[in-house]
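Got your viewer open? Load the model and let's take a short walk through it, one selection at a time.

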Amino acid sequence: MFGNMVKQIYNGTIKELMELFSQKLESLAIHQFNWLHQAEQFRYLKQNITECEAVLHVDFSENYACKLSTEVQAFHFGGSRQQATIHTAVLYTVHGTKSYATLSDSLRHDERAVWAHLEPILGELRETFPQITTLHIQSDGPVTQYRNKNNFYLLSTVPFLSGFTKVTWNFSEKSHGKGAPDGIGGAIKREADRFVQRGGELQAPQQLYEMLNTRLGSSITHYWVNRESIEKYDELIPDNLEAVKGTFKIHQVWSSQPSQITHRTVSCFCRKTERSPCPCYKPVTVDLRVKRTVCNTENPPSSPPQQPREQENLDLCGKFVIVIYDEKPYVGQVLEDVGEEVQVNCMLQSGDKNLFVWPQTVDLIFYYRKDVHAVISEPEPATSRFSKLTLQDWVKFRNTSA
């Protein structure tokens with residue numbers, strides 16, 4: 001139990017004051033450097049975007065409290081007022097800038113909700129610009145939303161399911177996270193307040209979303225995120241995921257291989273066009289793959305048949321493969337290699353054609369290593385949505401189907 005706060009006066013010498021100031025000066029200098037460096041790197045990144053890159057600046061806006069044009073006292077002061085979660089984003093590409101706002105009646109602001117809010121934006125990005133395979137995300141650094149081990153894991157898995165091959169997440173320095181997304185949140189709330197002042201009714205978050213979608217001339221694209229979209233990401237986080245050492249000091253996370261990240265204290269983009277990060281500022285690589293051991297003394301699983309010699313000792317993580325399920329071949333990407341089993345995210349085939357597409361709902365399944373028929377090259381873009389196998393890999397797939 002805390003007592004009352006009281007003002008106290010401390011007396012000391014000038015020397016003692018200077019010693020205390022010197023102790024605080026180091027942390028202040030680090031803060032000042034991080035602030036200026038991150039701002040400089042963000043500016044450089046946006047001014048030097050290539051055809052295959054996109055920068056996404058994201059932030060949660062303060063929840064909007066739904067309003068009515070006329071309210072009884074019990075509603076105005078009571079707990080019946082619903083709130084809408086607003087997640088804002090600004091997308092930068094060589095083709096220009098676009099603003100987004102995703103709304104939800106779920107009040108969750110954790111990392112699983114973050115990726116549910118990002119999902120429709122990334123889906124539109126990949127469909128509109130399939131040549132973009134590198135994603136740079138910029139945000140502030142609250143540990144309850146963006147800067148935590150769960151978000152690092154989702155960062156190193158979810159984008160690869162959408163076709164991205166490299167992704168970075170860059171955090172601004174503490175107390176210096178204001179940016180363009182904050183203006184989107186303010187614009188939405190002003191529009192909502194004007195609507196209510198003119199006699200409109202916004203009693204639920206869904207009504208706010210529908211009102212915003214009917215406004216003509218708005219430059220903001222709106223998406224609705226339901227609770228089910230958020231809950232499905234709960235199943236993607238391993239229960240025994242280990243913490244990343246030094247999380248509070250991290251300002252950049254880089255991933256070009258599923259379930260593996262490289263982090264450092266500040267951002268650097270001197271080699272942003274390369275697949276691997278530069279050695280600046282002592283980057284540290286962390287493998288987030290969870291090693292699972294299944295023990296069942298009552299009914300131990302039978303040993304699977306021996307797999308082909310060329311795949312016996314090969315680390316399949318991140319590689320594209322042809323797997324067999326119910327005597328049918330499927331094309332997919334291995335997200336986790338845990339010895340005798342591999343976790344694969346499979347693509348959907350369009351009929352009998354050499355056309356494959358990632359499903360809208362992520363479906364992760366573990367297969368025995370023996371069910372991996374072949375390791376293939378990454379499918380090539382065929383249309384804005386579909387990909388195709390190389391001629392050699394297509395022959396392998398067809399032979400497996402026969």
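Start by selecting two strands: β12 and β15 (residues 364–368), which pair in the antiparallel sense over five bridges. Keep in mind as you go that this is a predicted model. To find one spot along that pairing, click N345, which stands opposite L364 in β15.

Now keep β12 and add β11 (residues 328–337). β11 and β12 also run antiparallel, again with five bridges. Pick G332 here and look across to C346, its bridge partner in β12.

Next, show the surroundings of β12 itself (residues 341–346). Is this strand largely enclosed or open? Five of its six residues are buried, so β12 is largely enclosed by the rest of the structure.

For a change of scene, jump to helix α1 (residues 14–47), where you'll find I14. I14 counts as exposed because its relative accessibility is 60%, and the cut-off for that word is over 50%. Add L17 and M18 to the selection: together with I14 they form a nonpolar patch on the surface, with about 350 Å² of accessible area between them.

Finally, zoom out to the whole protein chain. Colour by secondary structure and you should be looking at 10 helices and 18 strands. The C-alpha trace spans about 80 × 65 × 55 Å along its principal axes. Of the 402 residues, 45% are buried. Switch on the surface, and the chain exposes about 22300 Å², with carbon and sulfur atoms supplying 51% of it. One last thing to try is drawing contacts: among those between residues at least 6 apart in sequence, 68% join residues at least 24 apart.

Methods. Residues are numbered from 1 along each chain as its sequence is written. This is a predicted model: local features need pLDDT of at least 70, side-chain atom pairs count only at pLDDT 80 or more; totals for chains, interfaces and linings use all residues. Side-chain values use heavy atoms; hydrogens and water are left out. Patches are made of residues with over 30% relative accessible area and no salt bridge: like charges are joined within 9 Å, nonpolar side chains (Val, Leu, Ile, Met, Phe, Trp, Tyr) within 5 Å. Accessible areas come from the Shrake-Rupley method with a 1.4 Å probe; for residues, only the protein chains shown count as cover. A salt bridge is a side-chain nitrogen of Lys or Arg within 4 Å of a carboxyl oxygen of Asp or Glu. Helices (H or I, at least four residues) and strands (E, at least two) are DSSP runs, numbered from the N terminus. Buried means under 20% relative accessible area, exposed over 50%, partly exposed in between (1.4 Å probe, protein chains only). Two strands pair if DSSP finds at least two bridges between them. Contact means heavy atoms within 4.5 Å.
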